[in-house]
Amino acid sequence: MATGHTDPQRRERIIAATLDLIAEEGIASVSHRKIAARAGVPLGSMTYHFSGMDELLREAFTRFADHIVAVFDAHLSAPADRDQARRAVADLVHVLSEGSQRDLVLTQELYTLAARRPVYRQLTHEWMGRSRTHLEKHFDPDTARQLDALIEGLTLHRALDNEPHDRALTLEAITRITTPGG
């Protein structure tokens, strides 16, 4: 194996391996040893790059949140008016719910971790704030907050339902929340 001096991507591989293992086995099954083996690095690299599992998990979930916020940005940066924004949000729900099973599992693992361990709530709080910032480009802050929760719920329901609802129902729900007097 290469040393850290000749392996500048080692830290990134550790983070990626952490997220992969969490998605496959759940956070309770993740260990330094498993992550090192998955990343193809010596076990000592774990403590060289991260002070402990908490630092590694925070970094990994921060990277994951960055990824999801980028998906929000890709969908919500272009709409020019409220109707286009509604359609973009509907597209976002369907992309998230029909997309990567890995992303769905990682989202739920992070939420569970934050529910059990308050230190991780700040990470989820920041993630929600960043998502709402994208929504606030098109909707007032209260509506953006409600819409963010709707996106989470509809995404989860569509992803787990044996017969997911169609795009028309998604757009109807979004329209109800984003129309004054909805």
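Which residues of H8 are buried? The legends below take up this predicted model view by view.

**View 1. Helix H8 and its buried residues.** The buried residues of H8 are Thr 143, Ala 144, Leu 147, Asp 148, Leu 150, Ile 151, Leu 154, Thr 155 and Arg 158. Their cover includes H4, H5, H7 and helix H9 (167–178). H8 has 20 residues. From its first C-alpha to its last, H8 reaches 29 Å. That is close to the 28 Å expected at 1.5 Å a residue.

**View 2. Helix H7 and the helices it packs against.** H7 covers residues 121–135, which makes 15 residues. At 1.5 Å a residue, H7 should span 21 Å. Its end C-alpha atoms are 21 Å apart, so the model agrees with the expected span. Buried in H7 are Leu 123, Thr 124, Trp 127, Ser 131, Arg 132, His 134 and Leu 135. These buried residues pack against four helices: H4 (53–76), H5 (82–98), H6 (101–116) and H8 (141–160).

**View 3. The largest cavity and its lining.** The count comes to one cavity of 30 Å³ or more. The largest cavity holds about 180 Å³ of space. Its lining is made of 13 residues. Nearest the centre lie Ile 68, Leu 96, Thr 107, Glu 152 and Thr 155. H4, H6 and H8 are the elements that give two or more residues to this lining. H6 gives the most, with five residues. By type, the lining divides into eight nonpolar, three polar and two charged residues. Thr 155 appears here among the residues nearest the cavity centre, and Thr 155 is also one of the buried residues of H8.

**View 4. Ile 68, a buried residue of helix H4.** Ile 68 is found in helix H4. Why does Ile 68 count as buried? Its relative accessibility is 5%, and buried means under 20%, so Ile 68 meets the cut-off. Leaving out residues up to four places away in sequence, Ile 68 touches Leu 96, Asp 103 and Trp 127. Of these contacts, Trp 127 is one of the buried residues of H7, while Leu 96 is among the residues nearest the centre of the largest cavity. Ile 68 and Leu 171 are 103 residues apart in sequence. In space, their C-alpha atoms are 21 Å apart.

**View 5. The segment annotated in UniProt, residues 8–68.** UniProt lists residues 8–68 as "domain: HTH tetR-type", in an unreviewed entry. Over this stretch the chain is 75% helix and 0% strand. The end C-alpha atoms of the stretch are 25 Å apart.

Definitions and conventions
Residues are numbered from 1 along each chain as its sequence is written. This is a predicted model: local features need pLDDT of at least 70, side-chain atom pairs count only at pLDDT 80 or more; totals for chains, interfaces and linings use all residues. Side-chain values use heavy atoms; hydrogens and water are left out. The expected span of a helix is 1.5 Å times one less than its number of residues. Buried means under 20% relative accessible area, exposed over 50%, partly exposed in between (1.4 Å probe, protein chains only). Contact means heavy atoms within 4.5 Å. UniProt positions are given in the numbering used here, feature names are shortened, and annotations may be inferred rather than shown by experiment. On a 1 Å grid over the protein atoms alone, a cavity is a set of points where a 1.4 Å probe fits but cannot get out, and a pocket is an open set with protein on both sides within 12 Å along at least five of seven lines; lining residues have an atom within 4 Å of a point. Grid points are joined across faces, edges and corners, and a volume is the space filled by probe spheres set on the points. Ala, Val, Leu, Ile, Met, Phe, Trp, Tyr, Cys and Pro count as nonpolar, Asp, Glu, Lys and Arg as charged, and the others, Gly among them, as polar.
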